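Let's take a walk through this one together. Have a look at the fold below, and then we'll start from a single pairing and work outwards.

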Amino acid sequence: MKVALIAFFSVLAGCASHPIADDNLRQRGFDPESYFVVVSPSMSPAIAAGDRVYIDRTPYAQLKIGDIVLFHPNGVACGNSDVVCHRIVARGPWSDSWVTKGDNAEHADFPLLPENYLGRVAFVIHPQGAK
């Protein structure tokens, strides 16, 4: 089972499965056991702590303002523990860069570059009982 926590977190194992959601994921071509679990409120209320996010492999050149992306911050990849999930809010200072920011964060992140990019959030599954 591939599970990672996003926004500077550690790996989490043993997340509960949702049978109906898992069947829907398989029908859409996603592996229900490959997802990221959010543990930070930085994207609240759009994505809350405890939500599962699934990413697609949208090419970097096709990203646009408003997309929510997963990336390694500052180009530093340290296993699964340094992954951020934030929204693209503007073009970056360099031709191939974007500015990202958590919806609930006060400041923007270091500019996102192609080598930091992991994927775009395709959809979010809220845990049982969540609003």
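Which residue in E7 does valine 69 stand opposite? The partner is arginine 120. Before we follow that up, keep in mind that this is a predicted model. The mean pLDDT of the chain is 78, with 66% of the residues reaching 70 or more. The start of the chain is the part to treat with care: over residues 1–17 the pLDDT stays under 50, although the model does give this stretch 57 contacts beyond four places in sequence.

Now for the overall layout. The chain has 1 helix and 7 strands, and reading along the sequence you meet them in the pattern β-α-β-β-β-β-β-β. Of contacts between residues at least 6 apart in sequence, 60% join residues at least 24 apart. Buried residues make up 44% of the 131 in the chain. As for the outside, the chain exposes about 7,100 Å², and carbon and sulfur atoms supply 55% of that area.

Back to valine 69 and its surroundings. E4 and E7 run antiparallel and are joined by 3 bridges. E4 also pairs with strand E5 (residues 84–91), again in the antiparallel sense, over 4 bridges. In that pairing, valine 69 stands opposite histidine 86. So much for the pairing; what about the side chains of E4? Ile68 and Leu70 point one way from the strand, Val69 and Phe71 point the other way, and all of them are buried.

E7 (residues 117–125) has another partner in E3, and these two strands pair in the antiparallel sense over 5 bridges. One place to look is arginine 52, whose bridge partner in E7 is isoleucine 125. Isoleucine 55 also sits in E3. Its C-alpha atom is 5.0 Å from that of alanine 122, even though the two residues are 67 apart along the chain. Is isoleucine 55 buried or exposed? It counts as buried because its relative accessibility is 14%, and the cut-off for buried is under 20%.

Isoleucine 55 also belongs to the largest nonpolar core, a set of 11 residues: Phe36, Val38, Met43, Ile47, Val53, Ile55, Ile68, Leu70, Val83, Cys85 and Val121. The elements that give two or more residues to this core are strand E2 (34–38), strand E3 (52–56) and strand E4 (68–71). There is a second, separate core of 9 residues, with Leu63, Phe71, Trp98 and Tyr117 among them. Compare that with the side chains of E4: Ile68 and Leu70 are listed in the largest core, while Phe71, which points the other way from E4, is in the second. As background, in soluble globular proteins nonpolar side chains tend to be buried together.

Let's finish at threonine 100, in strand E6 (residues 98–101). Why does threonine 100 count as buried? Its relative accessibility is 0%. The side chain of threonine 100 makes a polar contact of 2.6 Å with the side chain of aspartate 109. Leaving aside neighbours within four places in sequence, threonine 100 is in contact with Val69, Phe71, His86, Arg87, Ile88, Val89, Ala108, Asp109 and Leu112. That list brings us back to where we began: it includes Val69, the residue that stands opposite arginine 120 in E7 and histidine 86 in E5.

Note on methods. Residues numbered from 1 in each chain as written. Predicted model: local features only at pLDDT ≥ 70, side-chain atom pairs only at ≥ 80, totals over all residues. Heavy atoms only, no water. Buried < 20%, exposed > 50% of the residue type's maximum accessible area, 1.4 Å probe, protein only. Contact = heavy atoms within 4.5 Å. Areas by Shrake-Rupley, 256 points an atom, 1.4 Å probe, with all protein chains shown as cover. pLDDT = per-residue confidence, 0-100. Core = buried A, V, L, I, M, F, W, Y, C linked by side-chain atoms within 4.5 Å. Polar contact = N/O pair within 3.5 Å; in protein donor to acceptor, adjacent residues only side chain to side chain. Pairing = 2+ DSSP bridges.
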